[in-house]
Amino acid sequence: VPRPEASPLPLAFQPTARSPEYVFTGPGPLRLVDAKTGSVLAVVEVPGDLRHALLIVAEVASRAPESRRCEVNVVDDSALRYGPGQLLILNLSGLSLSGLINRHHTILVAGVNGPFRADRSAVLNLRTPFRGRTYQAFADTLVLEQGDRALLLLLPPYQRGSLEVQSRILLDAPPLEGRQRSR
């Protein structure tokens, strides 16, 4: 819902790829509403200076299914901020993560991290502390094609108590004149 008196606009979400591009030109905040119940799932403030905002919407786990809520992370998706050969990491894992990205030590905060230089590949080895030791939480080599950039989503472990995070990778080319190539 772009403003309080407006009608909701239906959104189509893709779990592993970019959804269609939507245009929002009104003053904030943007409200995401459950079409069936009318309840507000999330309220999002998109900074007015962002021309290309990517919204990452994740449902927050709840013990009561009727009280659905979403967490929304806003990413500056412009080619100037996040261009070819770069990697952004969105840490939604709930774990403290640190380690190496292409041999450079880094500490990941919750939310958006980077961009990191990846060029054609990025070697990641991330660890998390537990009971005085650190354990491998994520390790992979991400391969990018010429002109691509990557967004790595680090999600909570599949099993409660596990220290191995789930991941999803989104590879694409930065937007050029309003067009984007996704895979």
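Of the 183 residues of the protein chain, 34% count as buried in this predicted model. The surface exposed by the protein chain comes to about 11900 Å², and carbon and sulfur atoms account for 53% of that area. The secondary structure consists of 13 strands and 0 helices; read along the sequence, the chain therefore follows an uninterrupted notation of β elements, β-β-β-β-β-β-β-β-β-β-β-β-β. Among contacts between residues at least 6 apart in sequence, 50% join residues at least 24 apart.

The interior was examined next. The largest nonpolar core contains 19 residues. Within this core, the residues with the most contacts are Leu87, Ile89, Leu108, Leu124, Phe138, Leu152 and Leu154. Two or more residues of this core are given by each of strand S5 (86-91), strand S6 (97-101), strand S9 (121-130), strand S10 (133-143) and strand S11 (149-155). A second core, separate from this one, comprises 11 residues, among them Leu54, Leu92, Leu153 and Leu155.

The surroundings of Ile89 illustrate the contacts of one core residue. When neighbours within four places in sequence are left aside, Ile89 is in contact with Ile101, Leu108, Gly111, Val112, Asn113, Phe116, Leu124, Leu152 and Leu154. Of these partners, Leu108, Leu124, Leu152 and Leu154 are also listed with Ile89 among the residues with the most contacts inside the largest core.

Thr106 lies in strand S7 (residues 104-108). Its relative accessibility is 13%, and Thr106 therefore counts as buried, the cut-off being under 20%. Leaving aside neighbours within four places in sequence, Thr106 is in contact with Ser98, Gly99, Ile101 and Phe116. Ile101 and Phe116 are contacts of Ile89 as well.

Strand S1 (30-33) has two faces that differ in cover: Leu30 and Leu32 form the covered face, whereas Arg31 and Val33 form the uncovered one. S1 runs antiparallel to strand S2 (residues 40-44), to which it is joined by 4 bridges. In this pairing, Leu32 of the covered face stands opposite Ala42 in S2. The two strands form a hairpin with 6 residues between them, and Gly38 in the turn has a positive phi of about 80 degrees.

In the segment before strand S1 lies Phe13. Together with Leu11 and Tyr22, Phe13 makes a nonpolar surface patch of about 310 Å².

Definitions and conventions
Residues numbered from 1 in each chain as written. Predicted model: local features only at pLDDT ≥ 70, side-chain atom pairs only at ≥ 80, totals over all residues. Heavy atoms only, no water. Patch = residues over 30% accessible without salt bridge, like charges linked within 9 Å, V, L, I, M, F, W, Y side chains within 5 Å. Areas by Shrake-Rupley, 256 points an atom, 1.4 Å probe, with all protein chains shown as cover. Salt bridge = Lys/Arg side-chain N within 4 Å of Asp/Glu carboxyl O. Core = buried A, V, L, I, M, F, W, Y, C linked by side-chain atoms within 4.5 Å. Buried < 20%, exposed > 50% of the residue type's maximum accessible area, 1.4 Å probe, protein only. Contact = heavy atoms within 4.5 Å. Pairing = 2+ DSSP bridges.
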